[in-house]
Amino acid sequence: MQRAESRNESGSVTLIDAGKDGAFDGQPMLYAATPVIDGGARLGTLVIAIGAAQLEAALRASSGQTVPLGLGDAGSVWLVDPKNQIRAALGAPLGAPDDVPSDAVGEALQGTEAAGSFTSAAGDVLAAVSPLEVADARWAVGVQMPRAAALAPLYRVGLNVAGAVLLAA
């Protein structure tokens, strides 16, 4: 919080990762802090606590849908912090941090978008990952779906076309 208290620029926001916070039942918490300034005089610091539920609500609201981005039962969208920890996820449950494509997340945390086919602990996935600037830190936001689930509709269309061709012949 000292870094937040030392900033006097109007509109500046400092994000503090507090980790597991006993005040919130051991839930990992972030704090966003901004100076309150009136007429050039600093009155104090406004601090807001942000937990996983708030991050998940932000992900859900960003899609404009109640179903997570239309990914079906197999897909997921997630938010990874600068320490490479999954802080929020929607959709198919992720069992471990390695369930997201680490190569793509690493690229996003370095500031580069990545999309394509990746291997993760969850298997082969099609994923897109983008850097997300959050106050003074770079996070990664990503979406993924198992490769087999993503390509299943194409395989069904191929079988239907092949069947139609055989019947027409």
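# A tour of the five-stranded sheet

Start with Val-80, whose bridge partner in E8 is Ala-140. The model on screen is a predicted one. Val-80 and Ala-140 are a way into the pairing of E4 with E8: these two strands run antiparallel and are joined by 5 bridges.

**The whole sheet.** Now select the strands E5, E4, E8, E7 and E6, in that order. Together these 5 strands make an open sheet, and the pairing is antiparallel. At the edges lie strand E5, residues 86-91, and strand E6, residues 114-120; each of them pairs on one side only. Look along the sheet from strand to strand: on average, neighbours are turned by 25° against each other, with direction ignored.

**E7 and E8.** Next, select Leu-132 and Trp-139. Leu-132 stands opposite Trp-139, which lies in E8. E7 and E8 run antiparallel, with 10 bridges joining them. Follow the chain from E7 to E8 and you pass through a hairpin with 2 residues between the strands. Select Ala-135 in this turn; its phi is positive, at about 55°.

**E6 and E7.** Move to Ser-120 and Gly-123. Gly-123, in E7, is the bridge partner of Ser-120. Strand E7 covers residues 123-134, and 7 bridges join E6 to it in an antiparallel arrangement.

**The helices on the sheet.** Select residues 102-109, which form helix H3. Helix H3 packs on the sheet and touches strand E4 (76-80), E6, E7 and strand E8 (137-146). The direction of H3 makes about 150° with that of E8. Then select residues 147-168 for helix H4, which also packs on the sheet. Helix H4 touches E6, E7 and E8, and its direction makes about 50° with that of E8.

**Arg-87.** Finish at the edge strand E5, where Arg-87 is found. Is Arg-87 buried or exposed? The cut-off for buried is under 20% relative accessible area; Arg-87 has 12% relative accessibility, so it counts as buried. Show the side chains of Arg-87 and Asp-81: they make a polar contact at 3.1 Å.

What else does Arg-87 touch? Leaving aside residues up to four places away in sequence, select Asp-17, Pro-28, Met-29, Leu-30, Ala-52, Leu-55, Leu-79 and Trp-139, along with Asp-81. Two of these names have come up before on this tour: Asp-81 as the polar partner of Arg-87, and Trp-139 as the residue in E8 that Leu-132 stands opposite.

Definitions and conventions: Residues numbered from 1 in each chain as written. Predicted model: local features only at pLDDT ≥ 70, side-chain atom pairs only at ≥ 80, totals over all residues. Heavy atoms only, no water. Pairing = 2+ DSSP bridges. Helix = DSSP H or I, 4+ residues; strand = E, 2+ residues; numbered from the N terminus. Axes fitted to C-alpha atoms, helices over the stretch in contact; angles between N-to-C directions. Contact = heavy atoms within 4.5 Å. Buried < 20%, exposed > 50% of the residue type's maximum accessible area, 1.4 Å probe, protein only. Polar contact = N/O pair within 3.5 Å; in protein donor to acceptor, adjacent residues only side chain to side chain.
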